[in-house]
Amino acid sequence: MTTQPVELTVHSSQPYNAEPPRSALADHDLTPLDAFYHRNHAPERPRIDPATWTLRVDGMVERPATFSLGALRERFREHTEVVTLQCAGNRRAGLMAVADLPGETPWGPGATGTARWAGVRLADVLREVGVEPGASDVVLAGADLPEESDGGPYEVSVPLEKALAPEVLLAWSMDDAPLPAAHGAPVRVVVPGWIGARSVKWLERVTVADGPSHGHHQAVAYRLLPADASPAPGRGVPLGPIAVNADVLAPDDDAEVAAGPVRVSGYALAGGERTVVRVDVSVDGGATWRQADLEPQAGRWSWRLWHTELDLPAGTTRVTARAWDSAAGVQPADPAELWNPKGYVNNAWAHVTLHASARDDG
Ligand SMILES: Nc1nc2c(c(=O)[nH]1)N[C@H]1C(S)=C(S)[C@@H](COP(=O)(O)O)O[C@H]1N2
Ligand SMILES: [Mo]
């Protein structure tokens, strides 16, 4: 079998923001590396020499410390997790169809992907330095300098409770190979179940604090605002755990298929601690549903692939999918209900339109 190189849709080159077509994500537990989306905020990717790179761990800790890559490897045990990353802006194009979002990247379905990440537990590093009483958040800073950050680095935070969870990694490996520079080498954070923005690439500093980061990407961006509000520091709710979401990945939107049995497949992802329990598929706009078959999950923190076979009549059919999570959360029908001024968390029902031609049986 030959594999075609994947052509990414490049939304911008500086910062580099690019996503694969949905078909490149279909039916892979682990997203092929060349189909993994790129989401950046700084115009330049930082250049880091792994030989001289260090991680500073400070703030409300008993023994502030600096670790080289070698020291991290020696001092702590390596752990591996299969984790799906998903940008909070994934599927924003669906919100832009409701009302424009000037200046925001019009992400389609591809700002998500799954990889096997290996590295050390952030919890192990925090235990080594000793968290002081009264600490509530862990600030994570990269080496890149987004313009919005006022000369500072890309910086966000996660609550201490999540930072201490065993699934949160400081990862140096992606799919059993060294972490690529584009995905944050030498070391990035991976925060399973949380929006991609918290998984800081090119990590340089971990600061234990008694409140969240004041960085732009924590205090202003990646917050959910009511439709009539405008972004300002501290306004709205900081996005953390991902909301249940799903998409159809194959066939592609607007694909031509032969009438008759057609295999339709996609993914579903439950955020936070939740799991995907059911995926429904409809060919009548949600009036009636059937249940798709769920594949086993590649890992506790990865998406769940699903598939079903539809018997398509000749003509155009709009296929709709929606997922349910273990808290009985279900995707809302309409992106108009979700529209928000920064265009985050479009988890409305997924659709593709298929054009079936009558079979030529000769
Ligand atoms: N240092 C740094 N980390 C970052 C970002 C960034 O711009 N700088 N972008 C974040 C966002 S919004 C997402 S969705 C993911 C994207 O990771 P990827 O480019 O490896 O797919 O990285 C996150 N970590
Ligand atoms: Mo993101």
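Which residue in β12 is the bridge partner of Val138? In the predicted model analysed here, that partner is Val208. The pairing belongs to the contact between β7 and strand β12 (residues 205–209), which run antiparallel to each other and are joined over 5 bridges. On β7 there is also a pairing with strand β8 (residues 155–159), again antiparallel and again with 5 bridges. Within that second pairing, Ala141 stands opposite Glu155 of β8. Strands of a sheet pair through backbone hydrogen bonds, in either the parallel or the antiparallel sense.

The burial of β7 was examined next. Strand β7 spans residues 137–141, and 5 of its 5 residues are buried, so the strand is largely enclosed by the rest of the structure. Burial applies to both of its faces. Asp137, Val139 and Ala141 are buried on one side, while Val138 and Leu140 are buried on the other.

Val138 and Leu140 also appear in the largest nonpolar core, which has 52 residues. These two, together with Phe67, Leu72, Leu122, Leu170 and Val206, touch the most other members of that core. By element, the greatest contribution to this core comes from helix α4 (residues 122–129), which supplies 4 residues. For Leu122, the contacts beyond four places in sequence are Val138, Leu140, Ala163, Val168, Leu169, Leu170 and Val206. A second core, separate from the one just described, has 24 residues, including Ala246, Ala259, Ala270 and Val276.

A further sheet was identified elsewhere in the chain. This sheet is open and has 5 strands in the order β16-β23-β22-β18-β19, with mixed pairing. The edge positions are taken by β16 and β19 (290–291); each has a single partner strand, so one side of each is left without a neighbour in the sheet. Strand β22 (residues 315–325) is paired with β23 in the antiparallel sense, over 7 bridges. In this pairing, Thr316 has His355 of β23 as its bridge partner.

Strand β23 also takes part in the largest pocket, where its 3 residues are the greatest contribution of an element to the lining. The volume of this pocket is about 370 Å³. Two elements, α3 (92–96) and β23 (350–357), each give two or more residues to its lining. The lining is made up of 19 residues, and those nearest the pocket centre are Arg22, Arg91, Gly94, Trp349 and His351. Sorted by class, the lining residues are 8 nonpolar, 5 polar and 6 charged.

Enclosed space was treated separately from the open pocket. The structure holds 3 cavities of 30 Å³ or more, and the largest cavity has a volume of about 230 Å³. Its lining has 19 residues, of which Arg39, Arg188, Gly196, Ser199 and Lys201 lie nearest the centre of the cavity. The class composition of this lining is 9 nonpolar, 6 polar and 4 charged residues.

Backbone geometry was then considered. Most residues other than glycine have a negative phi, and most peptide bonds are trans. The peptide bond from Gln14 to Pro15 is cis, with omega near 0°. Pro15 lies in the loop that links β1 (9–13) and β2 (16–19). Another cis peptide bond runs from Ala250 to Pro251, where omega is near -5°. Pro251 is located in the loop between β15 (245–250) and β16 (255–258).

The loop between β15 and β16 also contains Asp254. Asp254 is a residue other than glycine with a positive phi, near 70°. Its relative accessibility is 48%, so Asp254 counts as partly exposed. A positive phi, near 55°, is likewise found for Tyr222. Tyr222 is placed in the loop between α6 (216–219) and β13 (223–224). With a relative accessibility of 3%, Tyr222 counts as buried, because the cut-off for burial is under 20% relative accessible area.

Terms used: Residues are numbered from 1 along each chain as its sequence is written. Chains are lettered from A and ligands numbered from 1 in the order in which they are written. This is a predicted model: local features need pLDDT of at least 70, side-chain atom pairs count only at pLDDT 80 or more; totals for chains, interfaces and linings use all residues. Side-chain values use heavy atoms; hydrogens and water are left out. On a 1 Å grid over the protein atoms alone, a cavity is a set of points where a 1.4 Å probe fits but cannot get out, and a pocket is an open set with protein on both sides within 12 Å along at least five of seven lines; lining residues have an atom within 4 Å of a point. Grid points are joined across faces, edges and corners, and a volume is the space filled by probe spheres set on the points. Ala, Val, Leu, Ile, Met, Phe, Trp, Tyr, Cys and Pro count as nonpolar, Asp, Glu, Lys and Arg as charged, and the others, Gly among them, as polar. A nonpolar core is a set of buried Ala, Val, Leu, Ile, Met, Phe, Trp, Tyr and Cys residues joined through side-chain atoms within 4.5 Å. Buried means under 20% relative accessible area, exposed over 50%, partly exposed in between (1.4 Å probe, protein chains only). Contact means heavy atoms within 4.5 Å. Two strands pair if DSSP finds at least two bridges between them.
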